[in-house]
Amino acid sequence: MKVFSSAYTFDYSWEECSTANWRKYCPWNDKSTHVIAVDTLSRVVDPATGILRTERLITCHQQAPVWVISLLGGSNTSHVYETSYVSPAEKRVTMCSTNLTWANILQVRETVTYQPDIRASSPGHERTQFTQDAKITAVCGGWQKIRTKIEEASVERFSENAKRGREGFEAVLEMSRRVFGEERAREQAKAH
């Protein structure tokens with residue numbers, strides 16, 4: 001098993017990040033063109049805790065190496081199952097995802113959190129701490145050396161994708177701030 005971890009502070013409030021998170025795979029994000037569809041399977045609010053639990057199926061077009069597809073079969077379409085928990089009381093978003101495609105060969109378990117970064121925030125300038133951890137395990141048979149190479153290559157690719165994902169989410173956050181700011185200004189102008 002190999003582990004990928006990263007942390008980043010977004011220069012946006014938790015409210016902005018947790019709201020924009022639902023738009024992460026929209027046209028504003030030119031770094032996520034590989035995402036073909038995001039289907040919400042269920043969404044429920046726990047009446048006791050106020051936590052929003054959402055299950056989604058994310059369909060992607062991945063550029064798997066040709067030799068992998070010819071050896072293992074399949075296609076460039078892959079599916080990821082995601083469960084997210086939004087706790088307004090704790091100001092915390094937790095997203096857990098796992099690959100469904102080729103899970104008998106490679107298992108990827110990712111956990112992402114967004115929460116206020118109190119240390120980096122100041123009044124009127126809130127920031128959000130993002131953490132990302134992925135456990136990548138090659139479960140295919142064969143020699144340990146082959147499994148290790150598969151895991152190492154997967155961690156490298158995961159790292160590249162994580163960087164693009166962060167850049168794309170920054171674009172979504174920027175556009176959200178602008179669009180919602182313009183809308184608030186229009187509403188305020190109407191009220192006066």
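Two strands count as paired when DSSP finds at least two bridges between them. In this predicted model, strand β4 (residues 77–87) pairs with β5 in the antiparallel sense over eight bridges, and Glu 82 has Ser 97 of β5 as its bridge partner.

**View A. The whole chain of the predicted model, with three helices and seven strands.**
Along the sequence the elements follow the pattern β-α-β-β-α-β-β-β-β-α. The C-alpha trace spans about 70 × 30 × 30 Å along its principal axes. Of the 192 residues, 33% are buried. The accessible surface comes to about 11,500 Å², and carbon and sulfur atoms hold 56% of that area. Among contacts with a separation of 6 or more, 57% join residues 24 or more positions apart.

**View B. The open sheet of seven strands.**
The strand order is β1-β7-β6-β5-β4-β3-β2, and the pairing is antiparallel. β1 and β2 (35–45) are the edge strands, each of them pairing on one side only. On average, neighbouring strands of the sheet are turned by 15° against each other, direction ignored. Helix α3 packs on the sheet, where α3 touches β1, β6 and β7. The direction of α3 makes about 15° with that of β1.

**View C. Pairing of β7 with β1 and with β6.**
Strand β7 (residues 128–138) and strand β1 (residues 2–10) are joined by nine bridges and run antiparallel. Within this pair, Lys 2 has Ile 136 of β7 as its bridge partner. Between β6 and β7 there are 11 bridges, again in the antiparallel sense. Here Thr 111 is matched with Asp 133 of β7.

**View D. The β2–β3 hairpin and the pairing of β3 with β4.**
Six residues lie between β2 and β3 in the hairpin. In its turn, Gly 50 has a positive phi of about 80°. The two strands run antiparallel and share nine bridges, with Val 44 matched to Arg 53 of β3. Strand β3 (residues 52–61) is mostly covered, seven of its 10 residues being buried. β3 is also joined to β4 by 10 antiparallel bridges, and Thr 54 has Ser 84 of β4 as its bridge partner.

**View E. The surroundings of Glu 82 in strand β4.**
Is Glu 82 buried or exposed? Glu 82 counts as buried because its relative accessible area is 3%, and the cut-off for buried is under 20%. Not counting residues up to four places away in sequence, Glu 82 touches Thr 54, Glu 55, Arg 56, Ile 58, Met 95, Cys 96 and Ser 97. One of these, Ser 97, is the bridge partner of Glu 82 in β5. Another, Cys 96, is 14 residues away in sequence, with a C-alpha to C-alpha distance of 5.6 Å.

**View F. The largest nonpolar core, with 16 residues.**
Phe 10, Cys 17, Val 93, Tyr 114, Phe 169 and Leu 173 touch the most other members of this core. α1 (14–20), β5 (92–99), β6 (106–116) and α3 (144–191) are the elements that give two or more residues to it. A separate core has 11 residues, including Leu 106, Val 108, Cys 140 and Ala 162. In soluble globular proteins, nonpolar side chains tend to be buried together.

**View G. Cys 17 and its contacts.**
Leaving aside neighbours within four places in sequence, Cys 17 is in contact with Phe 10, Tyr 12, Tyr 114, Thr 128, Phe 169 and Leu 173. Cys 17 counts as buried because its relative accessibility is 0%. Why does Cys 17 form no bond with the closest cysteine sulfur? That sulfur, in Cys 26, is 14 Å away, which is too far for a bond; a disulfide needs the two sulfur atoms within 2.5 Å.

**View H. Cys 96, in no disulfide.**
The nearest cysteine sulfur to that of Cys 96 belongs to Cys 60 and is 17 Å away. Cys 96 counts as partly exposed because its relative accessibility is 32%. How many disulfides does the count give? The count comes to zero.

How values were computed
Residues numbered from 1 in each chain as written. Heavy atoms only, no water. Core = buried A, V, L, I, M, F, W, Y, C linked by side-chain atoms within 4.5 Å. Buried < 20%, exposed > 50% of the residue type's maximum accessible area, 1.4 Å probe, protein only. Helix = DSSP H or I, 4+ residues; strand = E, 2+ residues; numbered from the N terminus. Contact = heavy atoms within 4.5 Å. Areas by Shrake-Rupley, 256 points an atom, 1.4 Å probe, with all protein chains shown as cover. Axes fitted to C-alpha atoms, helices over the stretch in contact; angles between N-to-C directions.
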